[in-house]
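User: I am in my first year and would like a close look at a single part of this model, explained step by step. Please take your time and connect the details to one another.

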Amino acid sequence: MDEGQKKNYYMNRNIKLYPTYLAFTWDVFFVWTIIILFFTNVKGLSYSQAVLLDSILYISAFILSVPLTKLFSKIKPVLSSQIATLCAMIFLIIVIFGNSFFEFVIAEIFYAIFMVVGNIKNSIILSDSLHVVKRDKEFNRIYGSGLGTYYFLDAVGAIFATYIYQYNPYLAFILAFCILVLVQLFSLLLKEPSKFQENNVDIQPVKKKSVKPDSYKKILFSGFILSMLVYLFFFRGVVSVDSSALKIYLQQLSDGGVIPVWLFGILYSGYRIANSLSSKFQFKYELKFGVRSIVIFSVLSILCLVGTGVIYLISPSSIIAIVLILTLSYVFASLRPPTQIFMTKYLQVCLTKKNLERGYNLKNMAEYLGYATFSSIYALLLSVFDDNYGYTNLVYIAILAVPLIVSMIVFIRFLVKKHASKYTIIKAEYTED
């Protein structure tokens, strides 16, 4: 094959393999449904220590984002993703063999590296591969397909994990490690897109003297970037409790004898199925509503938390209440994945290629900080209201509703303006008198 044929063959193969690769590198399978049970019942941690580890994970990811982006800026995306997966494997090894809280903190730091590097470089693998063969417009569809596959498999894993935990609590972690070994072997089929990029023209060509990315300070001076980060901080804050809130409600039903323990995993898997469907079909929102999808997601997040709070206070355990709360919880769960995909796409459209990795990093940092901040607030509200799910949801969204809506309006104004300046072309003949 000549160079052109090799380029088309390997990049199209990358694109074909990518949904499967993303599905198995987005997160670690099996372990998150039973992680708190494992830490408390097997490793002897207190409940507060187990919850604190989750906060440490996102705080570590926030702190490490900038240095890791600089460190990996010179490393090619496929190799970077392989290193990130290796860090996830180290996380599992420490969790399996560790016995102290300090050891598990080290494990969370390794997992934070996996999150930060993987989230950025996995997006770059796809966007660069698409760009080389001029298929850029397919990003949302392909990325969403991979993410949807992950959430579907995780839904199955959520049911499976509760059963194998009862048989052997270590087995879920061992299986997760084996999957990551297979992922590393699978990644050998991917080719670095940079090998073929020298023969392709960039969408936004830059002068050779400007190939270095702009400083973080300069990127942040963009009203578009700043408004996006503020909006993501509040939106990610709102939806940071989508999983934990549902787990709390199901746990209360289980503890009260309303549902059997085995049903917990099945009902929780509905959360992941909602994630999966919204990831797979998010492009339909874009086709029908465009940037107005942001408004829909923000408003729905508020209505879902208000609805679950009010219904819980009226009748927390009646059949109708359970069905309504589960339905609203599943809708709530479906809002985060498409927003993540849309924001990644907006960055690709509105940033030059040289600044893309730093743009991804800033986006992730805003989300990490939003998660760490507002999930902590939610935990505090639970303690204030003696674990009352209804009061907690209502007060939580009362705190966040106004800043969420205001930041959404500001961001959409900048987003529309940025899109218009890129895609609106005034032909020379229209300007002639």
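Is the crossing of H2 and H7 left-handed or right-handed? Please start there and then place H2 in its surroundings.

Analyst: Please keep in mind throughout that this is a predicted model. The crossing of H2 and H7 is left-handed. Helix H2 covers residues 31-42 and helix H7 covers residues 171-187, and the two pack with their axes 10 Å apart at an angle of about 140°. An angle over 145 degrees would count as roughly antiparallel, and H2 and H7 are therefore described as oblique to each other. On the side of H2 the contact is made by Val 31, Ile 34, Ile 35 and Phe 38, while H7 contributes Ala 172, Phe 173 and Ala 176. When these residues are sorted by character, seven are nonpolar, and there are no polar and no charged ones. In general, nonpolar side chains of soluble globular proteins tend to be buried together.

H2 also packs against H6, with the axes 9 Å apart and an angle of about 20°. Because angles under 35 degrees count as roughly parallel, this makes H2 roughly parallel to H6. The crossing of H2 and H6 is left-handed. Here H2 offers Thr 33, Ile 34, Leu 37, Phe 38, Asn 41 and Val 42, and the residues of H6 that meet them are Ala 158, Ala 161, Thr 162 and Tyr 165. The contact of H2 with H6 divides into seven nonpolar residues, three polar ones and no charged ones. If you look for Ile 34 and Phe 38 on H2, you will find that they take part in the contact with H7 and also in the contact with H6.

Just ahead of H2 in the chain, Phe 30 lies in the loop between H1 and H2. Its phi is near 80°, which is a positive value in a residue other than glycine. As a general rule, most residues other than glycine have a negative phi. Phe 30 counts as buried because its relative accessible area is 14%, and the cut-off for buried is under 20%. It is useful to set Lys 134 beside it, a residue in the loop between H5 and H6 whose phi is near 55°, again a positive value in a residue other than glycine. Lys 134, however, has a relative accessibility of 68% and therefore counts as exposed.

Stepping back, we can ask where H2 belongs in the wider arrangement. The largest nonpolar core has 73 residues, and those with the most contacts inside it are Val 28, Phe 39, Leu 92, Tyr 111, Met 115, Tyr 143 and Phe 173. The elements that give two or more residues to this core include H2, H6 and H7, together with helix H1 (3-25) and helix H5 (101-132). H5 provides the largest share of this core, 14 residues. Leaving out residues up to four places away in sequence, Met 115 touches Leu 57, Tyr 58, Ala 61 and Tyr 368.

A second, separate core has 68 residues, among them Phe 233, Val 239, Ala 245 and Leu 351. For a view of the surroundings of Val 239, consider Ser 301, which lies in helix H14 (residues 292-314). Ser 301 is in contact with Phe 235, Val 238, Val 239, Phe 332, Leu 335 and Leu 404, leaving aside neighbours within four places in sequence. Its relative accessibility is 0%, so Ser 301 counts as buried. To relate this position to H2, note that Ser 301 and Leu 37 are 264 residues apart in sequence and 29 Å apart in space, C-alpha to C-alpha.

Key: Residues are numbered from 1 along each chain as its sequence is written. This is a predicted model: local features need pLDDT of at least 70, side-chain atom pairs count only at pLDDT 80 or more; totals for chains, interfaces and linings use all residues. Side-chain values use heavy atoms; hydrogens and water are left out. Axes are lines fitted to C-alpha atoms, for helices over the stretch in contact, and angles run from 0 to 180 degrees between N-to-C directions. Helices (H or I, at least four residues) and strands (E, at least two) are DSSP runs, numbered from the N terminus. Angles under 35 degrees count as roughly parallel, over 145 as roughly antiparallel, 65 to 115 as roughly perpendicular and the rest as oblique. A crossing is left-handed if the near helix is turned anticlockwise from the far one by less than a right angle, and right-handed if clockwise. Contact means heavy atoms within 4.5 Å. Ala, Val, Leu, Ile, Met, Phe, Trp, Tyr, Cys and Pro count as nonpolar, Asp, Glu, Lys and Arg as charged, and the others, Gly among them, as polar. A nonpolar core is a set of buried Ala, Val, Leu, Ile, Met, Phe, Trp, Tyr and Cys residues joined through side-chain atoms within 4.5 Å. Buried means under 20% relative accessible area, exposed over 50%, partly exposed in between (1.4 Å probe, protein chains only).
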